[in-house]
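User: I am in my first year and still learning to read protein models. Could you take one part of this structure and go through it slowly with me?

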Amino acid sequence: MSVVVPVFNEEDVLPLFAERLRPVLDGLEVPYEVLTVDDGSRDATPAVLARMRQEWPQLRVVRLRRNAGHQNALTAGLHRARGRYVVSIDVDLQDPPEVIADMLRLAESEGLDVVHGVRTDRSTDSPFKRWTAGLYYRLIRRVVGAAVPHNAGDFRLLSRTTVDALTELPEQLPVYRLLVPWLGLPSGEVPYARQVRAAGRSKYPLAKMIRLALDSITGFSAAPLRVATWLGCAGIALCFVMAAAVLGAYLWGSVVPGWTSMFVALVFLGALQLLCLGLLGEYVARIFTSVQGRPPYVVTYDSAVTRRPAGVSS
């Protein structure tokens, strides 16, 4: 088994994470590796990982040259994982490592390729976090489809077949909580209660949450472009209504000069045009990123390699 753990500036929580995770994996009685992907940390995370590796032989450290983002760090881990089963989990301990045993048991007993960890209790999150998360999943399930598990993040177990299929996809901006269900492989769910972050601060502020939502929608649906089309049609219809109203007022001789109606109309149409251009720009940006063909991450060190690699991995 491989356990992929993206890490970014987590010097405080890493020892606590190891204390929880190691007994769980040792108790499974299967060979394993814990593949931590240091996503360009700027604190003492590299030193903490090096110290932990001296005491934990199964710990493997992959270091990226710069911060590539959570999903790209997860990609680096999935591409280098060697296990028959691969589990992805965050280091903050909000997703309990003890659930991994239940995931493995379910996958083996029912022959599943994917086991999602589903959050049944998010009372430890702030009200704003719960509201935005609920809005995200409702929007995604409506736009992308009901195959996306509700309240399932990046805590999951994947078979080697699933990992190989994901590795072959030419995704430049992957969103794995949507990519994995898209494969349509046999899957199951293990419920758990989301816990409080063990230490440190969240690395997923509102700006990154919004970016994730945009990547999710633009990467899996053309619905925003259709929304822009319908908004344009609605704007045209409104203009016809306003033109008819102005013509009727002229014929009845009750034309009153004023700038309010003209100002409102111009602002409305201008905002509509900018919104449509912005939606179109999101898709053009994805095309531009794909055409560039740059690797989403650059590996500068892998403790499983005898020498320090200098190449670029994608």
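What follows is a close look at one helix, H4, and then at the parts around it.

Analyst: Please keep in mind that this is a predicted model, in which the protein has 10 helices and eight strands.

Helix H4 covers residues 99–110, which makes 12 residues, and a useful check is to compare its length with what a helix should give. The expected span is 1.5 Å times one less than the number of residues, so H4 should span 16 Å, and its end C-alpha atoms are 17 Å apart, which agrees. Just after the helix comes glycine 111, whose phi is positive, near 65°.

Which residues of H4 are buried? They are Val99, Ile100, Ala101, Met103, Leu104, Leu106 and Ala107, where buried means a relative accessible area under 20%. These buried residues pack against several other elements, namely helix H1 (14–28) and the strands S4 (85–88), S5 (114–121), S6 (152–159) and S7 (187–193).

Two of those partners, S6 and S7, deserve a further look, since phenylalanine 155 lies in strand S6 and tyrosine 192 in strand S7. The count of aromatic pairs in the model comes to one, and it is formed by phenylalanine 155 and tyrosine 192, whose ring centres are 5.6 Å apart and whose planes stand at 80°. Planes over 60 degrees apart count as edge-to-face, so this pair is edge-to-face. Because one ring belongs to S6 and the other to S7, the pair ties together parts that are 37 residues apart in sequence. Phenylalanine 155 is buried, with a relative accessible area of 1%, and tyrosine 192 is buried as well, with a value of 4%.

For a contrast, consider aspartate 164, which lies in helix H6, residues 160–168. Its relative accessible area is 34%, so aspartate 164 is partly exposed. The C-alpha atom of aspartate 164 is separated by 8.8 Å from that of leucine 78, although these two residues are 86 apart along the chain.

Stepping back to the whole protein, buried residues make up 44% of its 314 residues. Among contacts between residues at least 6 apart in sequence, 81% join residues at least 24 apart. Finally, the accessible surface comes to about 16600 Å², and 62% of that surface belongs to carbon and sulfur atoms.

How values were computed
Residues are numbered from 1 along each chain as its sequence is written. This is a predicted model: local features need pLDDT of at least 70, side-chain atom pairs count only at pLDDT 80 or more; totals for chains, interfaces and linings use all residues. Side-chain values use heavy atoms; hydrogens and water are left out. Helices (H or I, at least four residues) and strands (E, at least two) are DSSP runs, numbered from the N terminus. Buried means under 20% relative accessible area, exposed over 50%, partly exposed in between (1.4 Å probe, protein chains only). Contact means heavy atoms within 4.5 Å. Rings of Phe, Tyr and Trp (its six-membered ring) pair if their centres lie within 6.5 Å; planes under 30 degrees apart count as stacked, over 60 as edge-to-face and the rest as tilted. Accessible areas come from the Shrake-Rupley method with a 1.4 Å probe; for residues, only the protein chains shown count as cover.
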